[in-house]
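Work through the exercises below with the coordinates open, trying each task before reading its solution.

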Amino acid sequence: MTRVFVTRELPGGAGDGSPIARLREALGAENVDVWPEFDPPSREAFLERTEGCDGVLCMITDRIDTEFLEARPSVRAVAQLAVGYDNIDVPACTAHGVAVTNTPDVLSDATADMAWALLMAAARRLPAGRDAIEQGQWGQWNPTWMLSSEITGRTLGILGPGRIGAAAARRASGFDMTVLYTGHSEKPDFPGTFVSLDELLERSDFISVHVPLNDETRGMCDASFFRRMRRHAIFVNTSRGPVVDQPALIAALEDGTIAAAGLDVMTPEPLPPDDPLVRAKNIVLSPHVGSATLETRTKMAHLAVDGLLAGMRGETVRHLVNPEALNAASRR
Ligand code: DGY
């Protein structure tokens, strides 16, 4: 008998062929335990519900670390419903022979769309326009009122030209933009020019961040980063909040070091309504919903189910993050 814990209800419903129905069919409904609440299980509840489990389908809100792996030695697979997996200690999973899978590719377009939604909303001052209407400040049409930034023909800097960065860059061709990029992927799948970080900051009118969160990227968008950007430039982040030094971003917006920002991710999440970021000047915020279309989240759930089932069987799948875990598992 193979048992799994799913840490939240999955998108896609529960009908035939849905992600959760596939899991129930593969393992038997009684062996699939789904956390029923909107908020994630507490650490205690997580440990309690995973007792005797072979696999976990988890989210970015669940911490998978050595303490968990030692407490739950029966777990053989962890399937993350996200492409980023900074909540999972992958080396520890590998050492314990636990396969880790994620959900790449299927969310690249939705997340790139969100980066563009933020870029365009910040450039064309959509929140300020709405505020003006709401506050009765919309007077007669005036040629100098609510002026904003042109997008067409300008320069987009992509920081992190991976799958999502590439999807964001490809969208720039519709706006006749010049695309610059910097980061580790050497041959990205879009037309653009590789430049140093300094050159990217100095030349870009818009900068969109698409890096994973790790020791190298944590806090990389700091005061010096913002100082090197152009004064009219707009900063967009749909990757992870801790990549940005948030007080430095707020200061850069307040003193006009940069023109505006659009963020889908921040620190902490959820962001309290009284956080200084909410009141910062020229900022557009969305609550970490880059991949949140019904279609994309359903595909992510299917991919996570595939990963969980394959991982527990010791099979390799394309989105297995740590193939070395399978060798370690065969020695268990
Ligand atoms: C991811 O996939 O990493 C997102 O941030 C969650 O939608």
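**Exercise 1. Locate the residue with positive phi that follows strand S5, and decide whether Asp 105 is buried, partly exposed or exposed.**

Solution. The model is a predicted one, and the place to look is the loop between strand S5 (99-101) and helix H5 (108-123), where Asp 105 lies. The phi of Asp 105 is near 70°, a positive value in a residue other than glycine. Most residues other than glycine have a negative phi. For the second step, the relative accessible area of Asp 105 is 36%, and since buried means under 20% and exposed over 50%, Asp 105 is partly exposed.

Met 146 can be treated in the same manner: its phi is near 60°, again positive in a residue other than glycine, and its place is in the loop between helix H6 (126-134) and S6. With a relative accessible area of 24%, Met 146 is partly exposed.

**Exercise 2. Establish the strand order of the open sheet of 7 strands, and state which strands form its edges.**

Solution. Following the pairings across the sheet gives the order S8-S7-S6-S9-S10-S11-S12, with parallel pairing. The edges are then strand S8 (193-194) and strand S12 (283-285), each of which pairs on one side only. Within the sheet, strand S6 (residues 155-159) and strand S9 (residues 206-209) pair in the parallel sense over 4 bridges, and Gly 157 stands opposite Ile 207 in S9.

**Exercise 3. List the buried residues of helix H10, and find what covers them.**

Solution. In helix H10 (residues 246-254) the buried residues are Gln 246, Ala 248, Leu 249, Ile 250, Ala 252 and Leu 253. An α-helix has 3.6 residues a turn, so residues three or four places apart point the same way. The cover over the buried residues of H10 includes helix H9 (223-228), strand S10 (234-237), strand S11 (260-263) and S12. After H10 comes Gly 256, with a positive phi near 80°.

**Exercise 4. Inspect the loop between S11 and S12, and determine whether the peptide bonds leading into Pro 268 and Pro 270 are cis or trans.**

Solution. Pro 268 is found in this loop, and the bond from Thr 267 to Pro 268 has omega near -5°, making it cis. Pro 270 is found in the loop between S11 and S12 as well, and the bond joining Glu 269 and Pro 270 is likewise cis, with omega about -5°.

**Exercise 5. Judge whether the radius of gyration of the chain agrees with that of a compact globule.**

Solution. For 332 residues, a compact globule would have a radius of gyration near 20 Å, and the chain has 22 Å, which agrees.

How values were computed. Residues are numbered from 1 along each chain as its sequence is written. This is a predicted model: local features need pLDDT of at least 70, side-chain atom pairs count only at pLDDT 80 or more; totals for chains, interfaces and linings use all residues. Side-chain values use heavy atoms; hydrogens and water are left out. The radius of gyration is taken over C-alpha atoms; the globule rule is 2.2 Å times the number of residues to the power 0.38. Two strands pair if DSSP finds at least two bridges between them. Helices (H or I, at least four residues) and strands (E, at least two) are DSSP runs, numbered from the N terminus. Buried means under 20% relative accessible area, exposed over 50%, partly exposed in between (1.4 Å probe, protein chains only). Contact means heavy atoms within 4.5 Å.
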